[in-house]
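Student: Hi! I'm new to this one and would like a walk through it. Can we look at it together?

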Amino acid sequence: MLKCQYAGLSVRRIVINPFDCHTNRQLSWVEVQRRLLKTKNALVTKFKEDPARDHGGTKRPRELSSGDRESRTQDSSLKAAKQSEKVPASIGQEEATKSSESFGHWSQGLKTSMQDPKLQVYKDDKVVVIKDKYPKARYHWLVLPWQTISSLKALREEHCDLVKHMQQVAERTVQQCPDANSLRFRTGYHAIPSMSHVHLHVISQDFDSPCLKNKKHWNSFTTDYFMESQDVIQMLETNGRVNVKEGTSELLKLPLRCHMCRKDIPTIPALKEHLKSHFPS
């Protein structure tokens with residue numbers, strides 16, 4: 001055991017300031033080196049015993065065997081199957097409708113809406129009239145056939161009587177509107193609709209609605225992108241199909257223009273304010 005020349009005692013019992021003692025400083029350095037060597041030897045031993053771990057003790061990822069991969073695939077399939085199970089009978093019709101919409105593409109939404117009694121305004125054996133869920137005017141209805149027809153391009157000469165009936169129902173719906181005498185209405189189809197299943201728009205021309213938000217909304221109802229119902233009927237009677245002009249989609253990019261006085265308007269908020277001069281509340 002080294003003795004401290006200042007204290008005359010073993011370093012373990014030294015009572016003076018250890019930093020003033022040369023012997024203590026020497027022993028401290030030796031102790032540090034000894035502990036570092038001991039730690040290093042322990043890590044080497046541990047690495048040899050467990051090769052699955054790296055020098056930092058972090059476990060390396062183990063490659064999945066074919067059995068493990070198959071097991072994980074089966075687990076994923078079971079989870080997907082549970083999510084796609086039918087809605088329990090205890091859930092109401094509204095909840096069931098929301099659930100079915102969440103699993104289907106949004107473009108198929110009309111097929112669900114036309115079955116909703118809360119949206120239905122009129123129905124017969126050929127068509128149903130519903131309120132548009134996102135109306136672009138004070139009055140905005142959709143006339144849809146029960147028969148599955150994807151779009152205008154799918155219409156043929158044999159659908160002519162059906163399309164005429166849709167127009168007649170649309171006119172009857174307008175006549176029953178309380179503001180039919182003070183507002184002007186148009187009936188027509190979007191040349192390139194975003195929603196699947198052919199539908200006839202019946203819309204008042206005030207366009208007073210918070211759902212009308214952008215240029216695309218506006219131009220889809222105030223340019224030739226909106227095809228009059230009577231024009232569609234005439235195409236079917238003459239050509240047996242509906243022709244959509246090339247470049248029709250570009251009409252949605254046209255500048256904003258008032259459909260009443262043809263004045264150019266810079267923004268949607270300014271357009272809505274301008275419309276109040278034509279359609280006061």
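Student: Let's start with charged pairs. Which side chain does K276 meet in a salt bridge?
Tutor: K276 meets E273, with 3.4 Å from N to O. Keep in mind that this is a predicted model.

Student: Which residues are joined into one network by salt bridges that share partners?
Tutor: That network is made of R138, D206 and D208.

Student: And how many salt bridges does a search of the whole structure find?
Tutor: The search finds 7. One of them pairs the side chains of R186 and E228, at 2.7 Å from N to O.

Student: Where do R186 and E228 lie?
Tutor: R186 is in strand β4 and E228 is in strand β6, so their salt bridge ties together parts that are 42 residues apart in sequence.

Student: Is R186 buried or exposed?
Tutor: R186 is buried, because its relative accessible area is 17%, which is under the 20% cut-off. Its partner E228 has a relative accessible area of 26% and is partly exposed.

Student: What about K253, which side chain does that one meet in a salt bridge?
Tutor: K253 meets E250, at 3.5 Å from N to O. K253 is exposed, with 56% relative accessible area, while E250 counts as partly exposed at 44%.

Student: Okay, new topic: helices. Which residues of α7 are buried?
Tutor: Helix α7 covers residues 229-239, and its buried residues are S229, V232, I233 and L236. They span an arc of only 100° around the axis, which puts them on the same side of α7.

Student: Why would residues a few places apart point the same way?
Tutor: An α-helix has 3.6 residues a turn, so residues three or four places apart point the same way.

Student: Neat. Which exposed residues are on the face of α7 turned away from the buried side?
Tutor: That face carries Q234 and T238.

Student: And what covers the buried residues of α7?
Tutor: The cover includes helix α5 (160-175) and the strands β4 (185-190), β5 (200-204) and β6 (226-228).

Student: What follows α7?
Tutor: G240 follows α7, and the phi of G240 is positive, near 75°.

Student: You mentioned α5. How many residues does α5 have?
Tutor: There are 16 residues in α5. From first C-alpha to last, α5 reaches 23 Å, close to the 22 Å expected at 1.5 Å a residue.

Student: Which residues of α5 are buried?
Tutor: Among them are C160, L162, V163, H165 and M166, and further along Q167, V169 and A170. T173 and V174 are buried in α5 too.

Student: What do the buried residues of α5 pack against?
Tutor: They pack against strands β1, β2, β3 (140-145), β4 and β5, and against helix α7.

Student: How do β1 and β2 run?
Tutor: Strand β1 (residues 120-123) and strand β2 (residues 127-131) run antiparallel, and 3 bridges join them. Together they form a hairpin, with 3 residues between the two strands.

Student: Which residue in β2 is the bridge partner of Y122?
Tutor: The partner of Y122 is V129.

Student: Last one: where does S113 lie?
Tutor: S113 lies in helix α4, residues 109-113. At 6% relative accessibility, S113 counts as buried.

Student: And what is S113 in contact with, leaving aside its neighbours within four places in sequence?
Tutor: Leaving those neighbours aside, S113 is in contact with L119, I130 and K133.

Technical notes: Residues numbered from 1 in each chain as written. Predicted model: local features only at pLDDT ≥ 70, side-chain atom pairs only at ≥ 80, totals over all residues. Heavy atoms only, no water. Buried < 20%, exposed > 50% of the residue type's maximum accessible area, 1.4 Å probe, protein only. Helix = DSSP H or I, 4+ residues; strand = E, 2+ residues; numbered from the N terminus. Arc of directions from axis to C-beta. Contact = heavy atoms within 4.5 Å. Pairing = 2+ DSSP bridges. Expected span 1.5 Å × (residues − 1). Salt bridge = Lys/Arg side-chain N within 4 Å of Asp/Glu carboxyl O.
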